[in-house]
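Q: Could you take me through this structure step by step? I would like to start with the overall picture and then turn to details.

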Amino acid sequence: MTTDASARAIKPELLRTYTEDFNKDRANLIAADAAVSAGVLKAATDYRGVRALPRDFSIELKQGSITNQERSGRCWMFASLNTLRYELMHRWNLEDFEFSETYLFFWDAMEKSNTYLENMLRTLDEATDSRLFEAINWGPSDDGGWWQMFAALVNKYGLVPKSAYPESENSRNSDDFKQYLNSKLREFAAELRRRSAAGASEDELRALKDEYMSTVYRICAVALGEPPEKFDFFARTKDDAEADADGKAESCKCEGKSDAKACKCDKDKSDKPKTGKDERPQIREIGITPLEFYKKYVPVDVNDFVTLANAPLKNRPFNQRYRIRFSANVAEAGDMEFVNVPLDVFKKAALDQLTAGHPIWFACDCTQFALRKDGLFDQSVVRVDQLFGTEFTGDKAHGLEYGDSPSNHAMTFTGVNLGEDGKPDRWKVENSWGKDAGKDGYYVMSDAWFDRYVTELIIRKEYLDDATRALLTAEPVELDPWQPLTRRCR
């Protein structure tokens with residue numbers, strides 16, 4: 001389309017019409033007063049919508065203390081560890097527990113750096129202004145990620161409790177650390193391409209890459225401290241438990257015995273003199289490795305989970321397995337995969353897993369129709385349509401295709417409320433923004449918001465229907481790294 005400059009400009013006579021129309025409507029003036037004074041979200045908050053989302057749930061999982069990723073993009077890692085710590089706490093009867101997020105953060109930075117340089121070696125002939133190069137080069141070792149990246153790290157490096165590798169200033173606030181790590185990686189990439197153009201062999205380039213990784217390790221170790229190879233673990237089980245020979249906490253042995261007139265366990269406790277000593281059973285490990293700790297104390301296998309997506313796009317047919325090129329963090333682990341399923345299959349898997357007593361990692365666009373401080377996700381709460389006098393009609397497909405509502409945050413479902421018809425009407429969400437966000441760190445999400453903005457779930461294979469489970473062995477369709485559902489959650 002060709003036209004002259006005056007036709008493309010905003011015309012002065014139209015601006016006069018716009019302002020006259022704006023000032024004629026009293027609702028516009030009231031809305032402006034509220035928005036200018038309080039901000040868009042507060043001015044748009046509908047108290048009736050808030051009251052329609054109570055914070056009680058018919059199915060609710062008892063989780064540990066709320067966690068806080070602070071000023072870092074580790075939401076996917078926190079959500080993943082929150083799903084596993086729930087299983088560990090209830091397996092070993094612990095009051096509370098938290099894994100070290102910094103431990104995996106260190107190894108994720110190392111692995112992403114290695115994979116970035118490997119991807120550069122794979123694309124030496126790619127122009128630097130090509131779409132593929134730009135996608136690979138965008139964030140060499142950025143904070144973001146998915147469940148499968150988490151699983152790859154756990155498989156290779158195991159897990160440690162937070163006491164063995166606590167937070168640091170650069171894990172809490174990662175921007176400066178990652179800025180300079182990424183700058184150095186891009187310098188390395190440029191040198192690899194220059195050496196290749198000068199005739200260096202693949203073996204020579206890979207040897208150079210190994211030298212570069214020594215610098216990467218030094219940067220990570222200076223910023224975060226070196227991770228432990230072995231550590232000691234200590235925990236106390238809850239009062240109503242005893243530890244077995246392997247350290248496992250067990251309930252009272254008299255429970256369920258009909259001929260027991262009095263509980264011997266209670267009698268044993270009552271016979272002991274009262275002191276200030278903590279008599280709870282202990283779990284102690286001396287010099288255990290991170291992989292040993294994961295295999296012994298975490299009662300689930302991270303490889304037994306599947307990524308389900310609900311992306312109603314014409315070029316992403318449902319009931320198909322997909323793989324995203326160049327999406328791995330651990331080079332040898334392979335790229336991210338997901339199965340795209342209709343909303344009813346998607347939601348049923350979530351309900352079945354929660355009903356069985358297991359939390360769910362999920363990804364969504366946390367910015368849309370959301371009140372961060374109050375902990376609410378619902379379009380009927382954030383009435384920007386009323387505030388601005390215009391409807392927002394985009395659906396889920398539109399949000400993904402046009403990049404308006406991509407997945408940008410991962411959290412954990414720990415509850416759901418079922419109405420009289422047995423269908424969900426709201427969901428309980430464990431976030432990783434600290435206890436001052438939401439209600440003691442928890443959010444409530446309407447079921448309509450779930451349908452519109454939740455795009456990915458991590459589901460245990462046992463809660464998939466037969467048709468979806470069969471897709472796990474189908475040949476995947478490969479997707480380019482810039483297409484919908486390829487953005488890492490931060």
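The conversation below goes through the chain, one helix, some charged pairs, a pocket and a few single residues.

Q: What kind of model is this, and how are residues numbered?
A: This is a predicted model, in which local features need pLDDT of at least 70, side-chain atom pairs count only at pLDDT 80 or more, and totals for chains, interfaces and linings use all residues. Residues are numbered from 1 along each chain as its sequence is written, and side-chain values use heavy atoms, with hydrogens and water left out.

Q: How many helices and strands does the chain have?
A: The chain has 19 helices and 16 strands. Helices (H or I, at least four residues) and strands (E, at least two) are DSSP runs, numbered from the N terminus.

Q: What box do the C-alpha atoms fill, and what share of the residues is buried?
A: Taken along the principal axes, the box is roughly 95 × 70 × 45 Å. Of the 490 residues in the chain, 50% are buried. Buried means under 20% relative accessible area, exposed means over 50%, and partly exposed lies in between (1.4 Å probe, protein chains only).

Q: And what share of the contacts joins residues at least 24 apart?
A: Among contacts between residues at least 6 apart in sequence, the share is 78%. A contact means heavy atoms within 4.5 Å.

Q: Let us turn to α12. What is its reach from first C-alpha to last?
A: Helix α12 covers residues 202–224, which is 23 residues, and reaches 32 Å. That is close to the 33 Å expected at 1.5 Å a residue, where the expected span is 1.5 Å times one less than the number of residues.

Q: Which elements do its buried residues pack against?
A: They pack against α7 (101–122), α10 (169–172) and α11 (175–197). The buried residues of α12 include Leu205, Leu208, Tyr212, Met213 and Val216.

Q: What comes just after α12?
A: Glycine 225 follows, with a positive phi of about 85°.

Q: Which residue pairs with glutamate 202 in a salt bridge?
A: The side chain of glutamate 202 meets that of arginine 206, at 3.0 Å from N to O. A salt bridge is a side-chain nitrogen of Lys or Arg within 4 Å of a carboxyl oxygen of Asp or Glu. Both residues lie in α12, four residues apart, about one turn of the helix.

Q: Why does that spacing help?
A: An α-helix has 3.6 residues a turn, so residues three or four places apart point the same way. Side chains of opposite charge can pair when their charged atoms come close.

Q: Are those two residues buried or exposed?
A: Glutamate 202 is exposed at 55% relative accessibility, whereas arginine 206 is partly exposed at 27%.

Q: Where else do such pairs occur?
A: In helix α10, arginine 172 and glutamate 169 form a salt bridge at 3.9 Å, N to O. They are three residues apart, about one helical turn. Lysine 348 and aspartate 352 also form one, with their closest N and O atoms 2.7 Å apart; they lie four residues apart in helix α15 (residues 343–355). Elsewhere, salt bridges that share partners join Glu118, Glu202, Arg206, Lys209 and Asp210 into one network.

Q: How many salt bridges are there in the whole structure?
A: A search finds 39.

Q: New topic: what is the volume of the largest pocket?
A: The volume is about 660 Å³. Of the 29 residues that line this pocket, Ala135, Trp138, Pro481, Thr486 and Arg487 are the closest to its centre. On a 1 Å grid over the protein atoms alone, a pocket is an open set of points where a 1.4 Å probe fits, with protein on both sides within 12 Å along at least five of seven lines; lining residues have an atom within 4 Å of a point. Points are joined across faces, edges and corners, and the volume is the space filled by probe spheres set on them.

Q: Which helix supplies the largest share of the lining?
A: Helix α7 does, with four residues.

Q: Finally, where is glycine 49, and what does it touch?
A: Glycine 49 is in helix α5 (residues 47–51) and is buried, with a relative accessible area of 5%. Not counting residues up to four places away in sequence, glycine 49 touches Ser380 and Val381.

Q: What is phi of leucine 485?
A: Phi of leucine 485 is near 75°, a positive value in a residue other than glycine. Leucine 485 is found in the segment after β16 (477–479) and counts as buried at 10% relative accessibility.
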